[in-house]
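Q: Please take a close look at how the strands are arranged in this model, and follow the helices that lie across them into the enclosed spaces. I would like one connected account.

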Amino acid sequence: MATPALTRVHSLRERLEGTVSHHLNELLLLMSNIESHGKGILKPHQLEAAFEGLPADAQKKLQEGAFVEVLKCTQEAIVLPPWVAFAVRLRPGVWEYIRLNINALVVEELTVPEFLQFKEELVEGPKNGNFVLELDFEPFTASFPRPTLSKSIGNGVEFLNRHLSAKLFHDKESLHPLLDFLKAHHYNGKTMMLNDRIQNLNSLQHILRKAEDYLLTLRPETPYSEFEHKFQEIGLERGWGDCAERVLEMIRLLLDLLEAPDPCTLQTFLGRIPMVFNVVILSPHGYFAQENVLGYPDTGGQVVYILDQVPAMEKEMLQRIKQQGLDIIPRILIVTRLLPDAVGTTCGQRLEKVYNTEHSHILRVPFRTEKGIVRKWISRFEVWPYMETFTEDVAHDILKELQAKPDLIIGNYSEGNLAASLLAHKLGGVTQCTIAHALEKTKYPDSDIYWKKFDEKYHFSCQFTADLIAMNHTDFIITSTFQEIAGSKNTVGQYESHMAFTMPGLYRVVHGIDVFDPKFNIVSPGADMSIYFPFTEKEKRLTKFHPEIEDLLFSDVENEEHLCVLKDRSKPIIFSMARLDRVKNLTGLVELYGKNARLRELANLVVVGGDRRKESKDLEEQAEMKKMHDLIKTYNLNGQFRWISSQMNRVRNGELYRYIADTRGVFVQPAFYEAFGLTVVESMTCGLPTFATCHGGPAEIIIHGKSGFHIDPYHGDQVADLLVDFYEKCRVDPSYWDTISSGGLKRIMEKYTWQIYSERLMTLAGVYGFWKYVSKLDRAEARRYLEMFYALKYRKLAESVPLAVE
């Protein structure tokens with residue numbers, strides 16, 4: 001039997017040349033359709049329309065070749081006659097670039113810089129070889145391990161453990177970094193884990209076996225204090241465990257690693273080493289407080305996320321410290337901006353204890369200039385000139401408050417992550433974690449190439465630069481979903497959009513981030529189970545709020561808090577709650593409801609968003625408010641629709657979800673893009689059937705048709721039809737509502753709880769703390785590159801943003 005011959009994989013250009021030679025006329029027709037759009041950027045739906053505009057026989061012939069597959073994978077086409085360049089995304093994180101001459105039908109492969117230079121000509125015209133600043137972070141990570149399979153994206157710690165156990169421990173000498181790492185553990189001048197009696201690996205193994213034999217003679221529950229002195233004499237300090245049983249587990253884990261290392265044992269061992277006692281969480285923008293702030297500008301899901309995250313983290317830290325046999329009080333500081341004009345909130349209070357915690361506080365530090373403290377709220381898009389001074393002040397205040405350096409710094413959103421990078425850089429040796437929540441670049445199409453059009457309002461030149469600095473400086477990145485990193489089959493991920501892009505006249509990014517980098521980890525948050533729990537748990541229901549909720553929903557009074565009335569209380573309620581901005585798309589939901597007569601017959605619509613009790617300072621919110629008023633008049637919605645101003649009482653909001661569930665209602669999240677979707681998790685946790693955007697995180701949270709439904713906000717008529725179909729099915733079979741409700745709740749309990757989140761975060765801090773220690777020489781070069789980029793580019797951009805007028 002003949003052995004099959006191995007053949008070379010043909011390049012994209014070679015495959016396309018075959019199509020050109022076989023289907024010349026059809027391809028000319030297609031390229032003519034594409035060119036008819038004129039000079040500019042074409043998106044996938046426009047390319048699809050250009051193909052569908054061909055005669056049927058031409059479509060059929062082209063489908064025989066490779067070009068249609070390339071077209072399906074193209075995320076954008078740059079039309080600059082006689083050339084069209086295609087950015088082809090073969091799979092998440094893997095791109096190729098080609099261009100096709102419309103007249104001669106010649107195919108050329110392009111490098112990333114060549115494609116970006118071609119794209120820049122849309123804005124700047126031909127450059128004739130002028131020098132352009134190119135950013136390329138790839139050389140600094142070339143020696144680092146990384147996976148190649150798309151399914152490995154977001155599972156960085158698992159890959160890193162496999163690499164560390166294989167590479168670092170390939171012989172006995174390679175174990176020295178682990179020994180040094182264990183000896184480096186101190187807290188407030190006290191040695192932990194190993195003392196100076198253990199000088200080498202042989203003595204470590206000998207002492208561990210001796211300790212193992214001794215521990216086997218003790219009762220499992222014997223407290224560490226009873227054998228502490230004996231252990232100290234042989235070189236072992238506190239940190240191994242609080243009783244004989246736990247100490248024995250840890251010692252056996254280390255013995256196994258020294259003998260035959262494997263990834264699972266390594267992760268378990270590193271996760272149990274005492275490393276994290278002081279945590280600083282940075283979230284400067286918006287109104288950060290525990291009451292009466294939700295719905296204020298720039299104040300929403302991120303505040304909720306952190307206020308739910310911190311109690312769960314503190315609980316996990318306390319439990320771990322106890323199990324490690326240590327007598328240490330952990331501290332968590334949420335660092336935000338102090339607002340002297342606090343408008344009825346605690347945002348002007350310097351230090352505030354976090355509810356449901358023992359040792360966690362909000363520390364507020366003001367923005368200041370040479371003229372003094374800035375008193376008023378500042379949009380998240382305009383904070384950039386204040387960040388460097390703010391970080392200097394934060395460093396001073398946290399060292400004073402903690403009386404020690406933090407062990408872990410967690411940044412949130414763009415400016416919080418920049419501050420975290422500056423702080424970690426200044427303090428040195430601190431593990432840094434980045435949480436983006438939402439990278440604005442994907443929210444605003446073409447905001448990079450046409451950055452000058454956006455900059456006066458949004459200052460994206462600063463923000464995108466800050467994002468690049470933070471994602472390359474940090475030790476590990478947490479995302480809530482896979483899509484946040486690398487999108488889906490047809491959509492580009494938030495981080496993926498930073499792999500290669502250009503801001504003409506500023507700089508060109510030829511390698512900004514690699515989505516395969518093992519620093520990426522998916523760690524999904526949950527909802528606060530004390531506030532959000534199923535509507536079926538009658539004994540826990542907060543019925544004291546029901547009169548207020550009934551008034552909110554059904555009162556005949558129209559005022560600044562609620563506009564329009566619901567005439568038929570017997571109908572179920574379609575409910576939505578979000579900030580009133582363009583991306584959240586509440587007005588889109590109102591419009592699709594207004595247009596569908598059958599949906600209006602079947603259900604009422606209630607939206608909570610925006611604050612009509614005061615004049616908004618946010619231009620986007622002002623525009624959405626005007627649009628909402630126009631829709632009410634256009635579709636004559638009064639009687640079937642209720643518009644409620646933002647509600648800031650989270651506890652009552654939890655009961656509001658459940659009250660909507662009592663009406664057999666549903667929750668709709670219609671955002672054009674949602675990085676995660678905390679309200680989706682909240683509504684599902686309360687048992688409310690949920691319809692949520694297919695663009696972003698909710699697509700992963702919900703399994704369509706089982707635990708909720710995916711909707712495409714760009715096709716409002718289809719969303720309305722899906723809601724109509726759901727309610728028609730519920731009329732025929734009332735148990736269908738219960739099936740979707742319980743399916744949503746089951747999904748939450750399996751994947752989206754704060755307990756799961758906190759356990760994983762603490763383990764990540766341990767593994768990446770170790771990885772930072774063993775790879776410190778490699779990282780130093782990248783940090784110097786970032787310092788230069790910050791000083792020469794970011795600082796000047798920040799200085800160009802106008803300061804707030806007091």
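A: The account below starts with the sheets and goes on to the helices, the cavity and the pocket.

This is a predicted model, in which local features need pLDDT of at least 70 and side-chain atom pairs count only at pLDDT 80 or more, while totals for chains, interfaces and linings use all residues. Residues are numbered from 1 along each chain as its sequence is written, and side-chain values use heavy atoms, with hydrogens and water left out.

The seven-stranded sheet is open, has mixed pairing and follows the order E21-E24-E23-E22-E25-E26-E27, where strands (E, at least two residues) and helices (H or I, at least four) are DSSP runs numbered from the N terminus, and two strands pair if DSSP finds at least two bridges between them. Its edges are strand E21 (562–563) and strand E27 (709–711), each of which pairs on one side only. Within the sheet, strand E23 (residues 604–608) runs parallel to strand E24 (residues 641–644), with four bridges between them, and Val608 stands opposite Ile644 of E24.

Two helices lie across parts of this sheet, with contact meaning heavy atoms within 4.5 Å. Helix H21 (residues 546–554) lies across E21, strand E22 (573–577), E23 and E24, and runs at about 115° to E24; such angles run from 0 to 180 degrees between N-to-C directions, on axes fitted to C-alpha atoms, for helices over the stretch in contact. Helix H26 (residues 678–685) lies across E22, strand E25 (666–669) and strand E26 (690–693), running at about 170° to E25.

H26 also leads to the largest cavity, since H26, helix H14 (301–323), helix H17 (440–443) and helix H25 (650–662) each supply at least two residues of its lining. On a 1 Å grid over the protein atoms alone, a cavity is a set of points where a 1.4 Å probe fits but cannot get out, a pocket is an open set with protein on both sides within 12 Å along at least five of seven lines, and lining residues have an atom within 4 Å of a point. The structure holds five cavities of 30 Å³ or more, and the largest has about 830 Å³ of space, a volume being the space filled by probe spheres set on grid points that are joined across faces, edges and corners. Of the 45 residues that line this cavity, Gly300, Gly301, Gln302, Arg579 and Lys584 lie nearest its centre, and H14 gives the largest share of the lining, five residues.

Helix H17, one of these lining helices, contains Lys443. Lys443 counts as buried because its relative accessible area is 16%, where buried means under 20%, exposed over 50% and partly exposed in between (1.4 Å probe, protein chains only). Leaving aside residues up to four places away in sequence, Lys443 touches Arg380, Ala438, Arg582 and Val583.

The second largest pocket has a volume of about 840 Å³. It is lined by 31 residues, and those closest to its centre are Lys405, Gly428, Gly429, Val430 and Thr431. Strand E7 (186–187), helix H16 (413–427), helix H30 (754–774) and helix H31 (776–799) are the elements that give two or more residues to this lining.

For comparison with the seven-stranded sheet, a further open sheet has three strands in the order E6-E19-E18, also with mixed pairing. Strand E6 (134–136) and strand E18 (501–503) are its edges, each pairing on one side only, and neighbouring strands are turned by 20° against each other on average, direction ignored. E18 and strand E19 (residues 507–511) run antiparallel and are joined by three bridges, with Met503 opposite Tyr507 of E19. Helix H19 (residues 460–473) lies across E6, E18 and E19, at about 30° to E19.

A last set of strands is linked by hairpins. Strand E2 (residues 74–80) pairs with E3 in the antiparallel sense over six bridges, Glu76 stands opposite Ala87 of E3, and a hairpin of two residues joins E2 to E3. E3 in turn pairs antiparallel with strand E4 (residues 94–101) over eight bridges, and the partner of Phe86 in E4 is Ile98. Two residues also separate E3 from E4 in their hairpin, where Gly93 in the turn has a positive phi of about 85°. Seven of the nine residues of strand E3 (residues 83–91) are buried, so E3 is largely enclosed by the rest of the structure.
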